[in-house]
Amino acid sequence: MASSSARAECTNPECNFRFPLPSNLRKSIDFCPKCKSPIRVQEQADSDKEMNLRIEKNNRPPLYVLLDNIRSTYNVGSIFRSADGAGVDKIYVCGVSPSPDHPRIAKTALGAEYSVDWEYCPNALVTAKMLSERGCILSALEVGSGAVPVFNADFPVLNKTNVLVIGNEISGIDSEILPLCSYKLWIPMAGYKRSLNVACAFSIAVYILQYSLKPVQRI
């Protein structure tokens with residue numbers, strides 16, 4: 001995440017509110033938004049300008065994502081943004097999952113809806129069967145019998161396309177899709193709740209899956 005080029009700080013010691021001040025608001029904000037006292041502006045160097053934050057996928061096997069009836073536009077948008085960062089090759093948007101042309105997707109995808117290839121499919125089970133028949137290796141992000149912690153999953157060297165399956169926020173992954181999955185993965189929880197928000201869980205799992213799989217060995 002790029003840093004702001006300036007910080008504003010309230011001059012009232014009883015308030016002491018400090019906040020980022022984007023360049024497009026520099027001339028329009030003169031007073032503290034909390035107590036209305038004058039602010040002082042401190043310029044800051046942007047340390048990210050010279051950094052190359054992009055990495056190459058090298059020869060890693062292709063990685064797809066199958067969204068099995070994700071309801072929330074915000075979750076889908078967030079999934080697209082994480083998918084872009086992790087280098088996902090394609091997302092299958094299935095069932096009630098809103099497609100990236102929905103106007104609310106952009107609020108969390110922030111442009112990633114244009115950078116990641118996607119396809120809408122009305123039936124997630126049919127799509128999962130199609131991918132399995134093509135030789136793809138499916139991994140389900142799902143709590144339940146037979147699931148292993150995603151950090152401990154013993155992924156082999158796979159020179160095949162891999163598919164991470166994400167299920168509905170309430171009902172989870174379709175029970176007829178699970179037998180098609182070679183792996184069932186879950187994220188360990190230390191607190192009271194049994195699971196994370198689906199978009200947060202996806203972000204963790206997709207990076208682990210992407211970087212646990214060894215690159216394709218070319219002959």
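The following exchange concerns a predicted model of one chain.

Visitor: What is the average pLDDT of the chain, and what share of residues scores at least 70?
Guide: This is a predicted model, in which local features need pLDDT of at least 70, side-chain atom pairs count only at pLDDT 80 or more, and totals for chains, interfaces and linings use all residues. Residues are numbered from 1 along each chain as its sequence is written, and side-chain values use heavy atoms, with hydrogens and water left out. pLDDT is the predictor's confidence in each residue, from 0 to 100. The chain averages 84, and the share scoring at least 70 is 82%.

Visitor: In which helix is confidence lowest, and in which is it highest?
Guide: Helices (H or I, at least four residues) and strands (E, at least two) are DSSP runs, numbered from the N terminus. The chain has five helices and 10 strands. Confidence is lowest in helix 3 (residues 112–115), at a mean of 65, and highest, at 97, in helix 4 (residues 124–133).

Visitor: Over which residues does pLDDT stay under 50?
Guide: Where pLDDT is low, the predicted coordinates should not be read in detail. A contact means heavy atoms within 4.5 Å. The model has eight contacts beyond four places in sequence for the stretch under 50, which is residues 215–219.

Visitor: What is the strand order of the open sheet of seven strands?
Guide: Two strands pair if DSSP finds at least two bridges between them. Pairing in this open sheet is parallel, and the order of its seven strands is 6-5-4-9-7-10-8. Strand 6 (117–121) and strand 8 (148–149) each have a single partner strand, so one side of each lacks a neighbour in the sheet; the edges are thus strand 6 and strand 8.

Visitor: Which residue of strand 9 is the bridge partner of leucine 67?
Guide: Strand 9 (residues 162–166) pairs in the parallel sense with strand 4 (residues 63–68) over five bridges. Five bridges also join strand 9 to strand 7 (residues 137–141), again parallel, and there leucine 141 has isoleucine 166 as its partner. For leucine 67, the partner in strand 9 is isoleucine 166.

Visitor: Which residue of strand 10 is the bridge partner of leucine 141?
Guide: Strand 7 and strand 10 pair in the parallel sense over three bridges. In strand 10, the partner of leucine 141 is leucine 185.

Visitor: How many of the five residues of strand 7 are buried?
Guide: Buried means under 20% relative accessible area, exposed over 50%, and partly exposed in between (1.4 Å probe, protein chains only). On one side of strand 7 lie Ile137, Ser139 and Leu141, and on the other Leu138 and Ala140, all buried. The number of buried residues in strand 7 is therefore five of five.

Visitor: Is asparagine 75 buried or exposed?
Guide: Asparagine 75 is found in helix 1 (residues 73–86). Beyond residues up to four places away in sequence, asparagine 75 touches Ile70, Glu169, Asn197, Val198 and Ala199. Because its relative accessibility is 10%, asparagine 75 counts as buried.

Visitor: By class, how many residues in the lining of the second largest pocket are nonpolar?
Guide: Of its 21 lining residues, Glu142, Val143, Glu169, Ser195 and Leu196 lie nearest the centre of the second largest pocket (an open set of points on a 1 Å grid over the protein atoms alone where a 1.4 Å probe fits, with protein on both sides within 12 Å along at least five of seven lines; lining residues have an atom within 4 Å of a point). Ala, Val, Leu, Ile, Met, Phe, Trp, Tyr, Cys and Pro count as nonpolar, Asp, Glu, Lys and Arg as charged, and the others, Gly among them, as polar. The lining has three charged and seven polar residues, and its nonpolar residues number 11.
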